[in-house]
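Got the viewer open and a hand on the mouse? Here is a short tour, one selection at a time.

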Amino acid sequence: MMGSLRNKPENLNEYAIPHGDWFEYVSSAHYTAEIVIYGGLLVASGGRDLSLWLLFAFVVANLGFVATLTHAWYLQKFDDYPRKRRAIFPFVY
């Protein structure tokens, strides 16, 4: 059986507001999770490798930028979009 983000097959071509877990706090929870993964890699390395710091900075900057655009799109597209949600970092940004 395949997973589905939509409950009804007739709504497959419509956008929906994501809900649940981290999506209750941020618009781009999947980006937040990716930043956590890269942060974990940085911590696991001991933080001594400059290339990992640069990679982490790039990931945060890139995903932060895209999350900002995604959040703005959600706010424009859905009148009932939760205004308390942040773009990528819960309660911060």
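A nonpolar core is a set of buried Ala, Val, Leu, Ile, Met, Phe, Trp, Tyr and Cys residues joined through side-chain atoms within 4.5 Å. Buried means under 20% relative accessible area, exposed means over 50%, and partly exposed is in between (1.4 Å probe, protein chains only). Keep both in mind for the stops below.

Before you click, note that this is a predicted model, where local features need pLDDT of at least 70, side-chain atom pairs count only at pLDDT 80 or more, and totals for chains, interfaces and linings use all residues. Residues are numbered from 1 along each chain as its sequence is written, and side-chain values use heavy atoms, with hydrogens and water left out.

**Stop 1: the whole chain**

Start with a cartoon view. You should find two helices and zero strands; both kinds of element are DSSP runs numbered from the N terminus (helices are H or I with at least four residues, strands are E with at least two). Of the 93 residues, 25% count as buried. Switch on a surface and you are looking at about 7,000 Å² of exposed area, 62% of it supplied by carbon and sulfur atoms. Those areas come from the Shrake-Rupley method with a 1.4 Å probe, and for residues only the protein chains shown count as cover.

How much of the contact in the chain with a separation of 6 or more comes from residues 24 or more positions apart? The share is 60%, where contact means heavy atoms within 4.5 Å.

**Stop 2: residues 52-75**

Select 52-75 next. UniProt, in an unreviewed entry, places a "transmembrane region" here; its positions are given in the numbering used here, feature names are shortened, and annotations may be inferred rather than shown by experiment. In the model this stretch is 100% helix and 0% strand, and its end C-alpha atoms sit 34 Å apart.

**Stop 3: the core**

Now show side chains for Y31, I35, V59, L63, A67, A87 and I88. These seven residues form the largest nonpolar core. Helix 1 and helix 2 (50-77) are the elements that give two or more residues to it, and helix 2 has the largest share, with three.

**Stop 4: A67 and S28**

Zoom in on A67, in helix 2. Is A67 buried or exposed? A67 is buried, because its relative accessible area is 0%. Leaving out neighbours up to four places away in sequence, A67 touches S28, Y31, A87 and I88. Try drawing a distance to S27: that residue is 40 positions away along the chain, yet the two C-alpha atoms are separated by 7.3 Å.

Then hop to S28, in the segment before helix 1. S28 also has a relative accessible area of 0%, so it counts as buried. With the four-place neighbours set aside again, the contacts of S28 are A67, T70, A87 and I88.

**Stop 5: I88**

Move on to I88, in the segment after helix 2. Its relative accessible area is 0%, so I88 is buried. Which residues does I88 contact, beyond its neighbours within four places in sequence? They are V26, S28, Y31, T32, I35, L63, G64, A67 and Y93. Pick out Y31 from that group: I88 and Y31 are 57 residues apart in sequence, and their C-alpha atoms are 6.9 Å apart in space.

**Stop 6: P90**

P90 also belongs to the segment after helix 2. P90 is partly exposed, because its relative accessible area is 34%. Outside its neighbours within four places, P90 is in contact with Y25 and V26. Its C-alpha atom is 9.2 Å from that of E24, a residue 66 positions away along the chain.

**Stop 7: out on the surface**

Bring the surface back and color Y25, F91, V92 and Y93, which make a nonpolar patch of about 500 Å². Patches are made of residues with over 30% relative accessible area and no salt bridge, with like charges joined within 9 Å and nonpolar side chains (Val, Leu, Ile, Met, Phe, Trp, Tyr) within 5 Å. A salt bridge is a side-chain nitrogen of Lys or Arg within 4 Å of a carboxyl oxygen of Asp or Glu.

Y25 lies in the segment before helix 1 (29-44), and its 41% relative accessibility is why it counts as partly exposed. F91, in the segment after helix 2, is exposed because its value is 70%.

**Last stop: two backbone angles**

Stay on F91: its phi is positive, about 65°, although it is not a glycine. Finish at D21, in the segment before helix 1, where phi is also positive, near 50°, in a residue other than glycine. D21 has a relative accessible area of 67%, so it is exposed.
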